Amino acid sequence: MTDAPLLEVEDLQVEIITATGVVRAVDGVSFRVERGETVTIIGESGSGKSTTAMGVLRLLPPEAVVSGHVRLDGVDVVADPKAAARLRGHAVVLVPQDPMTSLSPVHTIGRQLGDAVRLAGTRGKAERTARAVELLTSVRIKDPADALRRYPHQLSGGQLQRVLIAIALAGSPRLLVADEPTSALDVTVQAGILDLLLELQERTGVGILMITHDLGVARLVSDRIHVMRDGAFVESGAAADIVDRPGREYTRALLAAVPRLGTFTDEPVGSTR
């Protein structure tokens, strides 16, 4: 199984049963993620990209009907939904998008990271603490021993995102599913988190499935990009091809929405000179 993709998705469909009828949120998408590769699904809000990620992880609510094939580490979690629970935490993990609401406000960082380390198999208290410090160091927390004693509200958004990544790494996963991991952060902090993810990938060989609406983020980290609209992929290819030579008008519109620096001028705003 060493040559098999970390993730292989074939004809994934997600239908959600609502009071007004059935909504097809994901309409037959197929893709794969290899070891050490970053694959990005990009699209505007409501395009189905996060639903795709949750379908892969089998974290959708009961009213969602999932069909197709999703092979995580060679195991089809659509055919065997219980297998997903066994794989989450070590084969595949989720890095959620909002660090401010993803951590418990009433427990310390040490307690929450320690629980993840314990679930990964480290039992002794001293060993758990040592592993927690190691994980925080790996995600560039400057004073990990101090951070373990703090509560989430005592850390910045960037630090909390690093803590979430440390929690995700506790079980030495082979695949990270990162759902808008920088959307709640300012631009300078975003760059540090993306750089951290790429460094971790280079060091560990972890595969990354990135979910984002920001083509600027996608172009920085991706090997391949799938552009999603209305539950389906409208364009797929190598990151350089999608960014430099987009074939669809929708992709060009996403590129046009990426902010760019203009020409500097010291003239007052509104000047007619």
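**View 1. Salt bridges at the loop between β2 and β3.** In this predicted model, the count of salt bridges comes to 19. One of them joins the side chains of Arg-35 and Asp-73, with 3.7 Å from N to O; Arg-35 sits in the loop between β2 and β3 (38-42), whereas Asp-73 sits in the loop between β4 (64-72) and β5 (75-76), so that the pair links parts of the chain 38 residues apart. Both partners are partly exposed, Arg-35 at 38% relative accessibility and Asp-73 with a relative accessible area of 24%. A further salt bridge pairs Glu-37 with Arg-224, whose closest N and O atoms are 2.8 Å apart. Because Glu-37 lies in the loop between β2 and β3 and Arg-224 in strand β9 (residues 224-229), this pair ties together parts that are 187 residues apart in sequence. Glu-37 is buried, with a relative accessible area of 11%, while Arg-224 is partly exposed at 23%.

**View 2. The salt bridge of Asp-80 and Arg-86, and a charged network.** Asp-80 and Arg-86 form a salt bridge in which the closest N and O atoms are 3.3 Å apart. Asp-80 counts as partly exposed at 29% relative accessibility, and Arg-86 counts as exposed at 52%. Elsewhere, Arg-140, Asp-195, Glu-199 and Arg-203 are joined into one network by salt bridges that share partners.

**View 3. Helix α5 and its buried face.** The 14 residues of helix α5 (residues 125-138) should span 20 Å at 1.5 Å a residue, which agrees with the 20 Å between its end C-alpha atoms. Arg-131, Ala-132, Leu-135, Leu-136 and Ser-138 are the buried residues of α5; seen down the helix axis, they fall within an arc of 155 degrees and therefore line one face of the helix. These buried residues pack against α4 (109-119), α6 (144-148), α7 (157-169) and α8 (187-204). Just after α5, Arg-140 takes a positive phi of about 70 degrees.

**View 4. The surroundings of Gln-190.** Gln-190, found in helix α8, counts as buried at 15% relative accessibility. A polar atom of the Gln-190 side chain lies 3.2 Å from the backbone oxygen of Thr-182. Leaving aside neighbours within four places in sequence, Gln-190 is in contact with Thr-182, Leu-185 and Val-217.

**View 5. An aromatic pair.** The count of aromatic pairs comes to one: the ring centres of Phe-31 and Phe-233 are 6.0 Å apart and their planes stand at 55 degrees, so the pair is tilted. Phe-31 belongs to strand β2 (residues 21-33) and Phe-233 to strand β10 (residues 232-238), 202 residues apart. Phe-31 counts as buried at 5% relative accessibility.

Terms used. Residues numbered from 1 in each chain as written. Predicted model: local features only at pLDDT ≥ 70, side-chain atom pairs only at ≥ 80, totals over all residues. Heavy atoms only, no water. Phe/Tyr/Trp six-rings, centres within 6.5 Å; stacked < 30°, edge-to-face > 60°. Helix = DSSP H or I, 4+ residues; strand = E, 2+ residues; numbered from the N terminus. Buried < 20%, exposed > 50% of the residue type's maximum accessible area, 1.4 Å probe, protein only. Expected span 1.5 Å × (residues − 1). Arc of directions from axis to C-beta. Contact = heavy atoms within 4.5 Å. Polar contact = N/O pair within 3.5 Å; in protein donor to acceptor, adjacent residues only side chain to side chain. Salt bridge = Lys/Arg side-chain N within 4 Å of Asp/Glu carboxyl O.
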